[in-house]
Amino acid sequence: MDKKTIDTTVYKLSGHPTLTGYKQLATAVQYCLEDGAFPARNLTVTLYPRIAASLCQTPRSVARSISRAVDDCWEYGDRKVLEGIAGRRIREKPTPGEMIFFLYRYLSR
C-alpha cells in the first residue's frame, strides 16, 4: 500500500487535516500494513516507539498526537466516512487503537 493512498483515506475522515496528529496516525497505519498485522495491546510498547523514532519524537508525543487526531475526526470529521471505514455504525468516539485498527482493516482489503 502506498503512502498516498493511506494519506488520502485519513484525509477523507479528518476534520482539520493540517493537525500534526494525522501524520502520526497515517504512519501508524502504514507500519501496520507493512507488518501485515495490527499490534493488539502493544501500541505503546511497539508501534508508538517505532513511529517516534521515524519522526524524531517521543512515544508519549506520538500517542498524544494520534489521540488528538482521533478527537478531531470525531468532533469535526465526516462521520459517514468513518462508519464506512469501520464497517459499522459508530455510537461513541473510537479509541486511538480502534481508529488505527479500522483504517488498517479497511486498507488491507
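**A tour of helix α6 and its neighbours**

Begin by selecting helix α5 (residues 79-86) together with α6, which in this predicted model pack at an angle of about 65 degrees, with their axes 8 Å apart. That angle makes α5 roughly perpendicular to α6. To see where the two helices meet, show the side chains of L82, G84, I85 and A86 in α5, and then those of M99, F102, L103, R105 and Y106 in α6. Colouring these residues by class will give seven nonpolar, one polar and one charged in the contact of α5 with α6.

Next, keep helix α6 (residues 96-107) on display and add helix α1 (residues 3-13), whose axis lies 11 Å from that of α6, at a packing angle of about 125 degrees. The two helices, α1 and α6, are therefore oblique to each other, and α1 passes α6 in a right-handed crossing. On the α1 side of this contact, select T5, I6, T9, V10 and L13, and on the α6 side select M99, L103, Y106 and L107. Sorted by class, the residues of the contact of α1 with α6 comprise seven nonpolar and two polar, with no charged residue.

For the last stop, move to helix α4 (residues 59-76) and select S61, which is found there. Is S61 buried or exposed? S61 has a relative accessible area of 16%, and because this is under the 20% cut-off, the residue counts as buried. Finally, add T58 to the selection and look at its backbone oxygen, which lies 2.9 Å from a polar atom of the side chain of S61.

How values were computed:
Residues are numbered from 1 along each chain as its sequence is written. This is a predicted model: local features need pLDDT of at least 70, side-chain atom pairs count only at pLDDT 80 or more; totals for chains, interfaces and linings use all residues. Side-chain values use heavy atoms; hydrogens and water are left out. Axes are lines fitted to C-alpha atoms, for helices over the stretch in contact, and angles run from 0 to 180 degrees between N-to-C directions. Helices (H or I, at least four residues) and strands (E, at least two) are DSSP runs, numbered from the N terminus. Angles under 35 degrees count as roughly parallel, over 145 as roughly antiparallel, 65 to 115 as roughly perpendicular and the rest as oblique. A crossing is left-handed if the near helix is turned anticlockwise from the far one by less than a right angle, and right-handed if clockwise. Contact means heavy atoms within 4.5 Å. Ala, Val, Leu, Ile, Met, Phe, Trp, Tyr, Cys and Pro count as nonpolar, Asp, Glu, Lys and Arg as charged, and the others, Gly among them, as polar. Buried means under 20% relative accessible area, exposed over 50%, partly exposed in between (1.4 Å probe, protein chains only). A polar contact is a pair of N or O atoms within 3.5 Å; within protein, one must be able to donate a hydrogen and the other to accept it, and residues adjacent in sequence count only if both atoms are side-chain atoms.
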